[in-house]
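Here are some exercises to work through with the structure open beside you. Try each task before you read its solution.

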There are 2 protein chains.
Amino acid sequence: MVTIKEVAHIAGVSIATVSRVLSNSDYPVSQRTRANILKVAGEVGYSPNRAARSLRTERSSLIGVILDNFSSLWAPVIVRGIQDVLHKKGYLTLVVNIPWEEHSRADVVKDLMGHSVDAFVFVETWHPVRERLDMLNNKPYVIVHRLFHESDPHSIIPDETYNSSLVVKHLLELGHEKVAYIAGDANYFSSSQRLDAYLDTMHAAGFGVRDGWIAQGEWCIPSGYQCAQRILASDEMPSAIVAANDELAYGALLAVLDAGLKVPDDIAIVGYDNNDISRISNPTITTVSLPLFLMGQIAAENLLCQLQTSDRDYAEQLIPGELIVRQSCGAPEGVEVYARDFQRATAE
Amino acid sequence: MVTIKEVAHIAGVSIATVSRVLSNSDYPVSQRTRANILKVAGEVGYSPNRAARSLRTERSSLIGVILDNFSSLWAPVIVRGIQDVLHKKGYLTLVVNIPWEEHSRADVVKDLMGHSVDAFVFVETWHPVRERLDMLNNKPYVIVHRLFHESDPHSIIPDETYNSSLVVKHLLELGHEKVAYIAGDANYFSSSQRLDAYLDTMHAAGFGVRDGWIAQGEWCIPSGYQCAQRILASDEMPSAIVAANDELAYGALLAVLDAGLKVPDDIAIVGYDNNDISRISNPTITTVSLPLFLMGQIAAENLLCQLQTSDRDYAEQLIPGELIVRQSCGAPEGVEVYARDFQRATAE
DNA sequence: ACCTTATCGGAAAACGTTTACTGTGTCAAG
DNA sequence: CTTGACACAGTAAACGTTTTCCGATAAGGT
């Protein structure tokens, strides 16, 4: 590897000058020497030794990204959003996946500190423990998470309330008045947030909600199936079912079809998450897409901001989602071209 | 940050001794001092400065992972496999996603070289260009990829031929003799590999293949739909369709259902990839799962091996997949519990 | 002519490690 | 006893940067 020393030698200047030019400091260097150094550096293919630089400056151009569950559908998208912004600014990311159960969670932060990362991003389904946050000794950090239960000024989270009201309002606009709800796992704060948003929106519109119309589910397809069956068995059949996520919605869809009913003609169904399921099911399911990529980008921007200003006071940010209109509730469809129709259209 | 100096001071020894103990070199250090140093280091929470170490040793404990398309379903799984092995050995990964079109691909390698990564993993859909491989100046590297068209000794790739014959044999065992095939995009080497494997397996079993039974598709659902329609229109109807991937299989499934036929009763369908689609469709689709996590692990092991022995000669490795038996071809199902049945079972 | 100021460049210290080299002291073989 | 070998610990150089401090030159104001 070619060092700064060689560049200095060839250019006939001291290493100090080379450093000043190449790390574009604002130290005054004449145009001539600057141009010459740049030329030489380019010719010999000089690339600064990051370790040495890091040792000296205590900055590494490395950002630690700590994940809870890299296998989830969201995480990789968020990470790409983060990287999209950071790479352009010359930062690289150290992505570490630590399952929630593992004891070594604190060690990971320590490890990353050893690599002297400049900042941290936590992408987690649960709120990062205080203990770990304390180990950061004032380095910038941001938390991107879906299912928080404790507010933190450095958080970037989806606006569950807004999103949930989005789908309910959509149904109301389509003329539905009897809307049932399948809730997610009660342990999750987001479950109650979404449920509350549903209730509030219904009440605000002046519609009541029957007891039999609310079923407590568990985020998965089988649970959606069971919950829908219970709802279908209630005294008064609803005309629409809101599911707390797409898995539940898909389960509900299967139950409704198995009951000999038609979707959306007899019962409309909406989901939440914009999973692949909702895109592929038959009929496709209207849902809410979370702007995960954007959330990653915002997290990164936020971090860059903190890195520049050394101002660590950031307000929690709620990010709104977007309604994805598909076939499952009979509305005229959105811009997206759906697999099934597309096939039929092009197959002619 | 607490440095080696402080540890040495507190333990009452020289920094050399501390270094020897903490970087567990095989230099002789008495049990007493060793234990003492370890104790002190633990108490003060010492964690070595990687930049300094890296500067001195020219090793960084960092592995560069270069991705083609992080958004794909495979990439994150492979990455997790890689990390699973590497993290345990104290390595961290620098994951960089560079879309194929971008001009800065070569820069990425240079960038990572600047961070003095110890080795490279390329996770790519296309073969990494020679040019980039040359920039590695003899650092260990491994290529994990799906769709190669040029052999490389450092490659870890799925055994397309074996996998493809797996599904065909499965159908033959179930008594099918008239088996049609929907191929993937002809640009991909894997398309022809899979197609050839199908043809070979059929011929080896003594069964002929009609012209109308082979359709050239394009990896996506609509294409599967069209291809299946063409196959259904052939003079002699096949009793089974092999699709080159799950998207095509799903498209074919929809076409067959739309034609008023039953799956698997009238026509059996198999896919390839074990996508979410095949798990969720109705009926669920028998397919081949690629051991992506394992491939990542193998890649990492391979790398560790190279790092230790400085032996850079590694043979290309073909990794066999696994048949996932589901509903779409009428066989008794495998161990997996399928969403739909599970719902029915637990819904009682 | 002299002083002040701005502009530019260099010398050298420092960052925290690892490691080659240089002792010590102990112990066994001669 | 001497000699060599061995086990252990310390000294100091080196890795490639950045940056503080200082000096030199030139320009401008009196």
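## Exercise 1: Strand D

Task: find what lies 3.4 Å from an N or O atom in the side chain of Arg20(A).

Solution. Remember that this is a predicted model.

Step 1. Go to the side chain of Arg20(A). An N or O atom there is 3.4 Å from a base oxygen of DNA strand D.

Step 2. Note the elements around this strand. Helix 2 (15-22) and helix 4 (50-57) of chain A give two or more residues each to the surface near DNA strand D, and so do helix 2 (15-22) and helix 4 (50-57) of chain B. Helix 4 of chain A gives the largest share, with five residues.

Step 3. Turn to the phosphates. A polar side-chain atom of Thr17(B) is 2.9 Å from a phosphate oxygen of DNA strand D. At Ser30(B), a backbone N or O atom lies 3.2 Å from a phosphate oxygen of this strand.

Step 4. Survey the surroundings. There are 30 residues around DNA strand D, and those that come nearest are Ile4(A), Ser19(A), Arg56(A), Ser14(B) and Tyr27(B). Of the strand's atoms within 4 Å of the protein, 56% belong to sugar and phosphate.

Step 5. Sort by class. The surface near DNA strand D has 14 nonpolar, ten polar and six charged residues.

## Exercise 2: Strand C

Task: how many residues surround DNA strand C, and which are the closest?

Solution.

Step 1. Count them. DNA strand C is surrounded by 27 residues, the closest being Thr17(A), Tyr27(A), Ile4(B), Ser19(B) and Arg56(B). Sugar and phosphate make up 58% of the atoms of DNA strand C that come within 4 Å of the protein.

Step 2. Look for polar contacts with phosphate. Ser14(A) brings a backbone N or O atom to 2.7 Å from a phosphate oxygen of DNA strand C. Thr17(A) brings a polar side-chain atom to 2.7 Å from a phosphate oxygen of the strand. For Thr33(A), a polar side-chain atom lies 2.9 Å from a phosphate oxygen of DNA strand C.

Step 3. Assign elements. Helix 2 and helix 4 of chain A, with helix 2 and helix 4 of chain B, each supply at least two residues of the surface near DNA strand C.

Step 4. Sort by class. This surface near DNA strand C holds 13 nonpolar, nine polar and five charged residues.

## Exercise 3: Empty space

Task: find how much space lies in the largest cavity, and what lines it.

Solution.

Step 1. Recall the approach. Rolling a probe the size of a water molecule over the atoms shows where empty space is left.

Step 2. Search the whole structure. Six cavities of 30 Å³ or more turn up. The largest cavity contains about 150 Å³ of space.

Step 3. Inspect the lining. It has 14 residues, with Ala51(A), Leu62(A), His115(A), Ala51(B) and Leu62(B) nearest the centre of the cavity. Helix 4 of chain A and helix 4 of chain B each supply at least two residues of this lining.

Step 4. Sort by class. The lining of the largest cavity has four nonpolar, eight polar and two charged residues.

## Exercise 4: Salt bridges

Task: are Glu160(A) and Arg194(A) buried or exposed?

Solution.

Step 1. Set the scene. Over all chains, the structure holds 16 salt bridges.

Step 2. Find the pair. Glu160(A) and Arg194(A) form a salt bridge, with the closest N and O atoms 2.7 Å apart. This pair links distant parts of the chain: Glu160(A) is in helix 8 (residues 160-173) of chain A and Arg194(A) in helix 9 (residues 189-204) of chain A, 34 residues apart.

Step 3. Apply the cut-off. Buried means under 20% relative accessible area. Glu160(A) has 1% relative accessibility, so Glu160(A) is buried. Arg194(A) has a relative accessible area of 1%, so Arg194(A) is buried.

Step 4. Set another pair beside it. Lys39(A) forms a salt bridge with Glu43(A), the closest N and O atoms being 3.8 Å apart. Both residues lie in helix 3 (residues 31-44) of chain A, four residues apart, about one turn of the helix. Lys39(A) is partly exposed at 48%, while Glu43(A) is exposed at 58%.

Note on methods: Residues numbered from 1 in each chain as written. Chains lettered and ligands numbered in written order. Predicted model: local features only at pLDDT ≥ 70, side-chain atom pairs only at ≥ 80, totals over all residues. Heavy atoms only, no water. Near = heavy atom within 4 Å. Polar contact = N/O pair within 3.5 Å; in protein donor to acceptor, adjacent residues only side chain to side chain. Nonpolar A, V, L, I, M, F, W, Y, C, P; charged D, E, K, R; others polar. 1 Å grid on protein atoms, 1.4 Å probe; cavity = no way out; pocket = protein on both sides within 12 Å on 5 of 7 lines; lining within 4 Å. Points joined across faces, edges and corners; volume = space filled by probe spheres on them. Salt bridge = Lys/Arg side-chain N within 4 Å of Asp/Glu carboxyl O. Buried < 20%, exposed > 50% of the residue type's maximum accessible area, 1.4 Å probe, protein only.
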